[in-house]
Amino acid sequence: MSDRSAHDVPNPTVNEPAPSWKPRFGRVSPEGVDAAPAASAGPAEPAKVPILDIPLALTDYERTMDWIDETISAGGRGYVSAAAVHLVMVSQEDAETRDAVLGCSLAVPDGQPLVWAMRSLGHEASRVHGPDLMARYCERSAKTGTRMYLYGGRNQGALVQLALNLRQRYPGVKIVGGYSPPFRTLTDEESDRIVDDINACGADVVWVGIGQPKQEKWMAEFSDRLDSSVLIGVGAAFDFHAGLVPQAPDWMQHMGLEWLFRLAHEPRRLWRRYLRYNPRFISGFVRQYARSRLLGRGS
C-alpha cells in the first residue's frame with residue numbers, strides 16, 4: 001500500500017520553506033503549449049467499482065498511462081490517486097478526504113486487498129501500484145517527452161536525489177522542476193509561489209508524494225489553479241525511488257503482506273494505523289460482500 005506520508009519525518013526547514021529545486025540544465029521551455037487548456041476536455045474514464053463507497057477504477061498500468069497521455073493530448077484536466085486501504089478507510093471518517101477522493105478522475109487500486117475485494121465482486125481487477133506506475137510512466141515519458149514536476153519528498157536533498165535517480169534510470173526523462181514543502185500548513189503566499197512555479201515550468205504531469213490523504217486534499221485544492229493536465233498522487237513512491245526506504249519483496253506484495261513488511265520496518269509509526277484500519281476494512285467489506293450476494297440471489 002502506498003499510503004506512507006513522506007512528511008512523517010520532521011522537515012528541518014519548517015520555519016523557512018526550502019527554495020524550489022530546478023534541473024541543472026535549466027527549465028524546459030513551455031513554448032507551444034496552451035497555458036490554459038479546456039478544463040472539461042479529456043478521454044473517457046474507465047469503469048469503476050465501489051469498495052466501501054469509494055469508486056476504484058477497473059484499469060491496469062498501460063490503460064492508466066494511456067489515459068494520462070490522452071488527457072494531456074486533449075488538453076484535459078484531472079487528478080489520479082493510487083488508493084490504499086488506509087485512504088479508503090480515512091474516507092469513511094473524514095468528509096474532506098472523501099470529497100477529495102470522490103473528485104479524482106481515477107482512483108486506482110494500489111493495495112492488493114482492494115484488488116481482491118474487487119475480484120470477489122466478480123470484476124477483472126488489476127493492481128496499479130503507485131511506485132510502479134511512476135517508474136513505468138517515467139520510462140514511457142523518456143520517449144514521448146512528457147514534462148514532469150515533482151512535488152513532495154522528505155526534504156530538498158531527498159528530492160534532488162530522486163530526480164538524479166530517475167534521470168539515471170530513464171535517460172531522456174524531462175523533470176522540469178520540483179519542490180519539497182515543509183511539514184506544516186503553507187501560507188497563502190507560499191501556495192501562490194508554488195502555483196506560479198509549476199505553471200512557469202510548463203509541466204504536463206505533477207507527481208505528488210506527500211502521503212495519503214494529504215496529497216488527495218492538495219490535488220483537489222490546486223488542480224484548478226495549475227496548468228498541468230494531470231496530477232498523480234503516489235504516496236511513498238518518492239522515498240522508494242530516492243532509495244530512502246526499501247520496498248517489500250514481490251512475493252509479499254502479491255500475497256497482500258506489504259503492510260507487514262512496512263510494519264516491521266516502521267513499527268512505532270505504523271502500528272496504530274494498521275491496528276485501527278485493517279480490521280475495520282475487513283469487517284466493512286464483509287458486510288458489502290454479503291449485501292452483494294443477497295442482492296444477486298434476489299435478482
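Which residues does aspartate 69 touch, not counting residues up to four places away in sequence? Keep that one in mind as you read these notes; the model is a predicted one.

1. **Aspartate 69.** You'll find aspartate 69 in helix 1, which runs over residues 61–74. Setting aside residues up to four places away in sequence, aspartate 69 touches Tyr137, Arg140 and Thr146. Have a look at valine 230 as well: valine 230 and aspartate 69 are 161 residues apart along the chain, yet their C-alpha atoms are separated by 9.1 Å.

2. **The chain as a whole.** Stepping back, the protein chain has 12 helices and eight strands. It is 299 residues long, and 54% of those residues count as buried. Now take the contacts between residues at least 6 apart in sequence: 81% of them join residues at least 24 apart.

3. **A stacked pair of rings.** A pair of aromatic rings is described by the distance of the centres and the angle of the planes. The count of aromatic pairs here comes to six. One of the pairs is tyrosine 151 with tryptophan 218: their ring centres are 4.2 Å apart and their planes sit at 20 degrees, which is under 30 degrees, so the pair is stacked. This pair links distant parts of the chain, with tyrosine 151 in strand 5 (residues 147–152) and tryptophan 218 in helix 8 (residues 214–222), 67 residues apart. Are these two buried or exposed? Both tyrosine 151 and tryptophan 218 are buried.

4. **The cluster around that pair.** Tyr151 and Trp218 also have company: together with Tyr179 and Phe222 they form one aromatic cluster.

5. **A charge over a ring.** Another spot to click on is arginine 136. Its charged end sits over the ring of tyrosine 61, at 3.9 Å from the ring's centre.

6. **Two helices that cross.** Two packed helices are described by the angle between their axes and the distance between the axes. Try this with helix 2 (residues 85–93) and helix 3 (residues 95–102): they pack at an angle of about 125 degrees, and their axes are 6 Å apart. Why is helix 2 called oblique to helix 3? The angle of about 125 degrees falls between the 115 that ends roughly perpendicular and the 145 above which roughly antiparallel starts, so helix 2 is oblique to helix 3. The crossing of these two helices is left-handed. On the helix 2 side, the contact is made by Leu87, Val90, Ser91, Gln92 and Glu93, while helix 3 brings in Ala95, Thr97, Arg98 and Val101.

Key
Residues numbered from 1 in each chain as written. Predicted model: local features only at pLDDT ≥ 70, side-chain atom pairs only at ≥ 80, totals over all residues. Heavy atoms only, no water. Helix = DSSP H or I, 4+ residues; strand = E, 2+ residues; numbered from the N terminus. Contact = heavy atoms within 4.5 Å. Phe/Tyr/Trp six-rings, centres within 6.5 Å; stacked < 30°, edge-to-face > 60°. Buried < 20%, exposed > 50% of the residue type's maximum accessible area, 1.4 Å probe, protein only. Lys NZ or Arg CZ within 6 Å of the ring centre and 35° of its normal. Axes fitted to C-alpha atoms, helices over the stretch in contact; angles between N-to-C directions. Parallel < 35°, antiparallel > 145°, perpendicular 65-115°, else oblique. Left-handed = near helix turned anticlockwise from the far one by under 90°.
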